[in-house]
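Trainee: I am new to this structure and would be grateful for a close look at a single helix and its surroundings.

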Amino acid sequence: MVGWSLGIAIYLAVVALLLYRAFRPQRRPEVVEWAAGHGLPAAGLDWDQASRYLHRSRCLRTVGFVIPLLAGGTTSIVWALAYTQPSPPFPFDLLGAPSWLVGYLLGALLAEVTWPRPGSQGVAAPVPGRAGDYLGRPALILIRVVGLATIVVGVAGHWFLAGQIRDGFEFGPAPAVTAAAVLVVMEASLWFVAHRRRPAGPESQPMLDDALRATTIHRMAGACLGVMFLLLGYELFSIGGGIEGQAPRIILPWAGIACVAVGAPLSWQRVGHPRSWPVRRHTSGEAASPSDTADRTAT
């Protein structure tokens, strides 16, 4: 019982720390660092607006992360104490690490949806925005490739390899279905955020607006890619542990571990929290001029 008490205390302390860090006031040096990453000029920048948006986004992302974390952890603890089983049944078993990142993604989207664009009137951009303006094409391609790979591996493991999985190993369609749902939500969210109306005002206002959109898109993309790697890693590890054949039983589990231990953290760090945030607008399907690119690039 002492071990359980200590574990629960650590668990609650982690949740409390996450909430404290999320809801504390936004510090000016953090906003300055964020603006520098976007290449925003210090003169004329609406620091108050940037601080309020970043604080709102951080709070909602953290709440979206903590809700499934708290629900899943509480369910697992209660189930283990009451039924002495390793994990709760469906649908409570879905409240694992991927659901935390899904909640984080939805929190970032909610922050954007509920954020009123500054200015009395919003004006549509002359050319509709694209997700590629805010997020590099390699990252977009990687999200779709890893997402589709997760779906394919899940379908293959559940329907075509079922006869080769040893007794005692279960492999359901939940990871593939979850990956498909997250991928659809991500594509729709990217389109929505990129196509939101841009505010009227001096040049610094659209630049700040682009930087805020880029922040939201990067946060969502990093969480989505992390979810895909976690699900893919689970699939590969599960199939590798149950399939017959010496080579697959060695290669697939290690590939799954690499997805979870390397792919997911790098997605979180390099895509969701980059040091620079390039924003490149294009016109009429053509690349923007060098001067325009320099103005819109965060590096």
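Mentor: The account below follows one helix, from its buried residues to its surface. The model is predicted, so local features need pLDDT of at least 70 and side-chain atom pairs count only at pLDDT 80 or more, while totals for chains, interfaces and linings use all residues. Residues are numbered from 1 along each chain as its sequence is written, and side-chain values use heavy atoms, with hydrogens and water left out.

The part in question is helix α8, residues 204–242; helices are DSSP runs of H or I with at least four residues, numbered from the N terminus. M228 lies in this helix and counts as buried because its relative accessibility is 0%; buried means under 20% relative accessible area, exposed over 50%, and partly exposed in between, with a 1.4 Å probe and protein chains only. Leaving aside residues up to four places away in sequence, M228 touches V146, G147, T150, A179, V182 and L183, where contact means heavy atoms within 4.5 Å. The C-alpha atoms of M228 and V146 are 6.2 Å apart, although 82 residues separate the two along the chain.

The largest nonpolar core has 43 residues, and L135, I143, M186 and M220 touch the most other members. Such a core is a set of buried Ala, Val, Leu, Ile, Met, Phe, Trp, Tyr and Cys residues joined through side-chain atoms within 4.5 Å. Helix α8 supplies the largest share of this core, 14 residues.

F237 also lies in α8, but it counts as partly exposed because its relative accessibility is 46%.

Note on methods
Helices (H or I, at least four residues) and strands (E, at least two) are DSSP runs, numbered from the N terminus.
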